[in-house]
Amino acid sequence: MADVQWQYIFDPQLALESIPFLLKGLPYTLGIALVSTIFGIIIGFIVALMRISPVRPLEWLARFYISFMRGTPALVLLFLLYFGLPFIGVQFDAVTAAVIGFSINSAAYVAETIRSALSSVDHGQWEAAYALGLKKSFIMRKVIIPQAARIAIPPLSNIMLDIIKGTSLAAMITVPEMFQNAKIVGGREFDYMTMYILVAVMYWIVCSLFGVLQEYLEKRTSVYVETR
């Protein structure tokens, strides 16, 4: 068995020298992920309300949206937005296309997360609030949503982690985020393996830091219920 030529797998010196250039793409990675998450939650919340609406056309529309977005790869959406829409006279810059693509794609997963969180709140909460003569809109805002939000934090955090990692797909439409910068250095130095390992570690560090924030939010919003 031949000895492994580690110098062709990972070059520590090249990796160290390339870190500053890759970090130039970090604001794009985090910016796209943050904005996409915010819009994804807003759109997803609206879709979730449509999904549980007693108005059948709204429910059917929400079901179709969720099914289509969950069944369509994010990369395909990015290509449609960036390369396809110009054929009908609509053109976005790469960053805008990425934000729109990740927002509408993640909204489908957010919608199902919020719907399940709302449904998991005990129905007795509704009955008790109605017994007090509270209006439905007030009950939803002040009673149901705060409880559902605590339940939804872990899965919503996982969705954001997926978006952070998914921003690497934006390199395919020329967004200069971390993975795109890694490809540039890899092509220039003829050493893609080193750069791919380096960018993988950098994504892992970013996601690990966000995981710490997730744990903090979960502890802050935890409600301890005494069981008999």
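Contact here means heavy atoms within 4.5 Å. The model discussed below is predicted.

1. **L75 and its neighbours.** L75 sits in helix α4, which covers residues 74–84. Leaving out residues up to four places away in sequence, L75 touches L169 and M172. L75 is partly exposed, because its relative accessible area is 30% and that class runs between 20% and 50%. There is also a chain-distant neighbour to look at: G101 lies 26 residues from L75 along the chain, and their C-alpha atoms are 8.5 Å apart.

2. **Aromatic cluster.** Three aromatic residues, F79, Y82 and F83, make up one cluster. In the whole structure there are 5 aromatic pairs.

3. **The F179–Y196 pair.** One aromatic pair joins F179 and Y196, and its geometry is stacked. The ring centres are 5.7 Å apart, with 25° between the planes. The angle counts as stacked because the cut-off is under 30 degrees. This pair links distant parts of the chain. F179 belongs to helix α8 (residues 178–189) and Y196 to helix α9 (residues 192–220), with 17 residues separating the two. Y196 itself is partly exposed, at a relative accessible area of 34%.

4. **The Y192–Y196 pair.** Y196 also pairs with Y192. Here the rings are tilted: 5.7 Å from centre to centre and 35° between the planes. Both tyrosines lie in helix α9, 4 residues apart, or about one turn of the helix. Residues three or four places apart on an α-helix point the same way, because there are 3.6 residues a turn. Y192 is partly exposed, with 39% relative accessibility.

5. **Helix α9: span.** Is the length of α9 what its residue count should give? The two agree: 29 residues at 1.5 Å a residue should span 42 Å, and the end C-alpha atoms of α9 are 42 Å apart.

6. **Helix α9: buried side.** Which residues of α9 are buried? They are T194, M195, L198, V199, M202, Y203, V206, C207, F210, G211 and Q214. The cover over these buried residues includes α1 (12–23), α2, α7 and α8. Y192 and Y196 are not in that set; Y192 is partly exposed at 39%, and Y196 is partly exposed at 34%.

7. **The cavity.** A search of the whole structure turns up 1 cavity of 30 Å³ or more. The volume of the largest cavity is about 30 Å³. Its lining consists of T37, G40, I41, S106, V110, L156, I159, M160 and I163. Helices α2 (26–51), α5 (94–120) and α7 (136–166) each give two or more residues to this lining. The most come from α7, with 4 residues. By class, 6 of the lining residues are nonpolar, 3 are polar and none is charged.

8. **The pocket.** The largest pocket holds about 200 Å³ of space. Lining the largest pocket are F45, L49, I52, S53, P54, W126, K136, S137, M140 and I145. Two elements, α2 and α7, give two or more residues to that lining. Again α7 gives the most, with 4 residues. The lining of the largest pocket divides into 7 nonpolar, 2 polar and 1 charged. K136 is the charged residue, because Lys belongs to that class.

9. **Positive phi at T174.** Most residues other than glycine have a negative phi. T174 has a positive phi of about 75°, although it is not a glycine. T174 is in the loop between α7 and α8. It is partly exposed, at 47% relative accessibility.

10. **Positive phi at F190.** F190 is another non-glycine residue with a positive phi, near 55°. Its place is the loop between α8 and α9. F190 is exposed, because its relative accessible area is 74% and the class begins over 50%.

Terms used
Residues are numbered from 1 along each chain as its sequence is written. This is a predicted model: local features need pLDDT of at least 70, side-chain atom pairs count only at pLDDT 80 or more; totals for chains, interfaces and linings use all residues. Side-chain values use heavy atoms; hydrogens and water are left out. Rings of Phe, Tyr and Trp (its six-membered ring) pair if their centres lie within 6.5 Å; planes under 30 degrees apart count as stacked, over 60 as edge-to-face and the rest as tilted. Buried means under 20% relative accessible area, exposed over 50%, partly exposed in between (1.4 Å probe, protein chains only). On a 1 Å grid over the protein atoms alone, a cavity is a set of points where a 1.4 Å probe fits but cannot get out, and a pocket is an open set with protein on both sides within 12 Å along at least five of seven lines; lining residues have an atom within 4 Å of a point. Grid points are joined across faces, edges and corners, and a volume is the space filled by probe spheres set on the points. The expected span of a helix is 1.5 Å times one less than its number of residues.
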